[in-house]
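Please open the structure in your viewer and keep the selection tool at hand. The tour below moves from one selection to the next.

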Amino acid sequence: MAGSFVNFVKNVERLGQKKRGRRPVFNAHQFYPSAIEADLERTTREEFLRALEENIQLALRGFTDDIDDLTKATAELPPEFVKKVSTLADAVGVKNGWNFSEYAKMTVGQPYFPPPAKDEIFEVWKKNFQQLCISAESDAKADISRIATEAKMKGWNKRELEAAIRAKLPAETKHRAELIARTETAKLNSAASISTYKQLGIRYYVWLTTLDGRDRETHTHLNGLICSLDNPNVYYEETPDGLVEKERTASMFHGNPGEDFQCRCSMVAWDPEIDGKYEVKERPEQEKGAEQHTEASTGENLHKVEQSIAEQEKQLQQLKNEQMQLLSRQRLEQAAEKRHARSAEEIADIQKRWDERKSRRRLKEAAEQRHSRRTSQEAAAIRKELQERLDTRQTAHRLLQDANGIKGLPEMDELEKALQKGGKQAYSDMKKLSRKLETSLGTLKGCTYLADPIQAARDFDYSTAITVNESVRKKLEGMGSSLAGKKHDLEFEIDWVEKHKKYASWKVAQDAYKKALAEVERLIDWETELGRVDSIKIFLKNHPKSAVLKKLTSDMDALIAKGDNAAKTEIKELLKKAETRRKEIEYKEGLERLKKIKAGIKSGSSVPFSTNISIDDLRALKGDKLPPTLGHLDTAIEKYKKGHYYGSATKKHAAEIEATMRELFQKHDLGMHIEDDLLEKVFNSHFKNTFETGSSGGYSGPSLNADGSIKQSHLRLSAAHKLFDLGSTEKANQLNISQYEKYGNLLDHDKLREATTHNRATQYGNVAVRFKKDKVTCTWTAGDSLSERYQLSLVTDPKAVSYDDMYESKLPVKGTQTNDMTKFRSDNISSYLELQFHGDVTVDCVESLTFPYDLTEKAKSKYLGFAQKWKSIGTEVFYIKNGKLEKL
């Protein structure tokens, strides 16, 4: 193979086909695989970011466990990534061959396709590239592990950990992916070029620097210089006597193009016999004689030159003829070899095709003769019919392509058979079967409940896709109209079908439910946004002088009327501005209200419970320590007043109800019921809510997702976000689980009466806990708030919205007795009066405990020990003995 390109050039010259003129000008861009490099950069960047995201999620899930699991895990590259990298590496090889072909074409006028670079170069490169990627992903894992360890030591939560990781690593990961892809592409391009050149016997190349302002000075000094494939520390200068070797200076890079990191230089072959400027050619003897004998006549010399040129042209033409004859003989010999190697079946097949070709030719000639005898009207009618048939066939092919792979459609097979036939009947059948297939496809595409009905029919069959769609439709129509309830039902169905796998097509049904869930979540998000807009409108109603809010509200109304995705995105931005402005106004009002409240209270004293404290007063008193569940309570109350639950009877007697309830809360105790077995746990900790305990009465563990968020299917979560106007229940919008409300009930101030009469709230525990009224912040409803029939309001500022028209005959109007809580429960509500405690509720908030049995009995000694612990911190402890109230 050595010297094969030089031989090729000499043959081209012998044939007189060599390109004439000055040597072409090359640049680095011509011979560098820029497009392949960009593709490899993108592919590597996407893989690194995929692995990074996977590791981030792993770190977040294991944040409370063994963080070292990250560094122990072995990085593995996905098969599709490895395959893509291999394809791009092979593309560099193809580009290398094309580069040399272009070089030959530009230099000698004829393309020359070199042998491919050696396979081992590509195999070694692929293994090295994969190892670099694995190393990079392992380093990213180590960085995440380090950040997670620091976060745990500093006491960060998961959100802070995730923010710290995302603030640093994605940018570093992208940069490293681009660095690896760019450097390794250049190395492979250089190695492939060197391999090809050496196989062709080429020893030299010209260095081409990418002169775009980003090139290194050490590379720029080599631009255009002749270099050696065998010694990367030298370069050459051309002289009339040949090449002169020189050592590279310190200002020059020592190596080949592409071997330096992020090098984008390339090389182009150079050979002294082809590209040299000092090539010496012998002159003809006649020409020498003409110079020596200047006295010879000009006509004689001209005749000799013409004879020489004619002789050369004759020899060249003879050479061309010989080459053509040789090529023709070679082709004949090859054809003969193929002919002798054919089997009888192959010969018969060739003969058959030849006969068919002759038959088609005869038919065409006959058709042309018939056509010449037709009138223009007859020709137009035939063309019309032909076009109709072509359209029919195109329609049939299109429908078959759309239905490709779908099972259970017999018309597909029949249509394919009809396409193989001809004649009027066949085309009539094609039309009928096409219409039938089009109807079936239309029905299938109409299965809008399925995520991908066509794919479902391919994976199973047509009837299965229709059946699953109908089943999902009935299931969805059977769900309630409430978006929160529908979301809960869909999440249940998604889990149920995967758990039971009742039918082979369970995944199709699950994907359909996931599609419906995505739509429900979209509607919930939009409903939440509209609720936030309503909150701004309610606030504006009470603050009509705010020109900024007026303008923002007007703009949001206009965008709501448009309703497209762009408008919804813009609404979110306007909401941020409006809510920021509302907070500014509330802050100023809070400062003023705080001054007034403090002016009416002696310095150092707590706010007495009898003081009518509104939510605005609480904001002013607590500032940023206001429990987050109460931040939008006033807005939630205004929204409830516009709803259908706030009935006419409640509205009519609102003032009487609120006065009665204020009196009731003054007389009776704020408390809750708790199981005696839990008293020691509470004593050593604090009072927990349902999300922390995992149930309404136990300490069995929280009902959380793996990522620490509360399950959106939790009905109490949905109720809390609606009743306190907290917006969407999505993970990003959830509070910390300890910030949600705790539940209790209003207890009769008469402890003996409370302990010896029926109260349905005792289902949550047998010990009555009473709290100090000035130590807790509390809201109330006239029944279980989980039903969302009532709107919560403060016990210090009770509102009629916390009642409901279902109590129309029991409404606590003027004259309602408030001394006996047991009687009030019987006469004015159907169950217990629910309380919701906000913020931290600790043992310091407890005023007393009442046990419904005799603590002095021997069987109750364990609980007596619990009671004595509570007493030791100043809590009053009572118990029932022989029907009487005793104090410990």
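Over the ring of which residue does the charged end of Arg216 sit? Select Arg216 together with Phe261, for the charged end of Arg216 sits over the ring of Phe261, 4.5 Å from its centre; such a placement is counted if NZ of Lys or CZ of Arg is within 6 Å of the ring centre and within 35 degrees of the ring normal. Next select Trp526, where Lys568 lies over the face of the ring at 4.8 Å from the ring centre.

This is a predicted model, in which local features need pLDDT of at least 70 and side-chain atom pairs count only at pLDDT 80 or more, while totals for chains, interfaces and linings use all residues. Residues are numbered from 1 along each chain as its sequence is written, and side-chain values use heavy atoms, with hydrogens and water left out.

Colour the model by pLDDT (the predictor's confidence in each residue, from 0 to 100): the protein averages 83, and 88% of the residues score at least 70. Over residues 277-298 the pLDDT stays under 50.

Now turn to the aromatic pairs, of which the whole structure holds 19, with ring centres of Phe, Tyr and Trp (its six-membered ring) within 6.5 Å and planes under 30 degrees apart called stacked, over 60 edge-to-face and the rest tilted. Select Tyr204 and Trp270, an edge-to-face pair with 6.1 Å centre to centre and 85 degrees between the planes. Finally, select Phe26, Phe31, Phe100, Tyr103, Tyr112 and Tyr197, which form one aromatic cluster.

Technical notes. Contact means heavy atoms within 4.5 Å.
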